[in-house]
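Thanks for coming. I will go through the ligand site, then one salt bridge.

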Amino acid sequence: MIADYRELARVIDSLTASETDEVALMATVACEVHHADDRFDWTGFYRVTEPGLLKIGPYQGGHGCLAIPFSRGVCGAAARSGEIQIVPDVEAFDGHIACAASTRSEIVLPVRGRDGRLIGVFDIDSDQPDAFGPADAEGLAAILASVFGRI
Ligand code: SME
């Protein structure tokens, strides 16, 4: 099963429409996205809790590292640069943080609030190599903008 991002966005929007709590929104997005696609083996958020530091937020899958500095990993690169990171082969990414040995590829998107502030990052890991492409980046970015762009 491959995610239908248009349908997923519709479901997530209807579930979250009247909610403004960051963690409630993150938990709902992580759950809905994770179960929408067989490629997704770990799906969740890291939150900016102090300058230069990400802490684990709501997620689905095996346990994730608790803290990631902006200087490290794919999540750190997304937070630092503000750009979506698509890593087709995690072994070829210098500084990748392996939370699960089974992870082969990943995508990480910055998450921004209404005023453009960086709330955190959204990370999806896959056990399949080269699992993510531009359609995923576009579909996921639209969902994040719709949910978090209003809080
Ligand atoms: N792979 C990420 C770390 C987070 S976990 O895999 C859940 C990274 O390099 O930033």
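How many nonpolar, polar and charged residues does the shell around the ligand have? By class there are seven nonpolar, two polar and three charged; Ala, Val, Leu, Ile, Met, Phe, Trp, Tyr, Cys and Pro count as nonpolar, Asp, Glu, Lys and Arg as charged, and the others, Gly among them, as polar.

Some ground rules. This is a predicted model, in which local features need pLDDT of at least 70 and side-chain atom pairs count only at pLDDT 80 or more, while totals for chains, interfaces and linings use all residues. Residues are numbered from 1 along each chain as its sequence is written, and side-chain values use heavy atoms, with hydrogens and water left out.

Residues around the ligand (a heavy atom within 4 Å of it) include Trp 42, Tyr 46, His 96 and Asp 123. H3 (73-81) gives the largest share, three residues; helices are DSSP runs of H or I, at least four residues, and strands runs of E, at least two, numbered from the N terminus.

Now the polar contacts, meaning N or O pairs within 3.5 Å. A polar side-chain atom of Glu 106 is 2.8 Å from a ligand nitrogen. A ligand oxygen is 2.8 Å from a side-chain N or O atom of Asp 125, and a ligand oxygen lies 2.9 Å from a polar backbone atom of Ile 97.

Last, the salt bridges (a Lys or Arg side-chain nitrogen within 4 Å of an Asp or Glu carboxyl oxygen). The structure holds six. In one of them, Glu 22 pairs with Arg 117, closest N and O atoms 3.4 Å apart. Glu 22 is in helix H2 and Arg 117 in the loop between strands S5 and S6, so the pair ties together parts 95 residues apart in sequence.

Methods:
A polar contact is a pair of N or O atoms within 3.5 Å; within protein, one must be able to donate a hydrogen and the other to accept it, and residues adjacent in sequence count only if both atoms are side-chain atoms.
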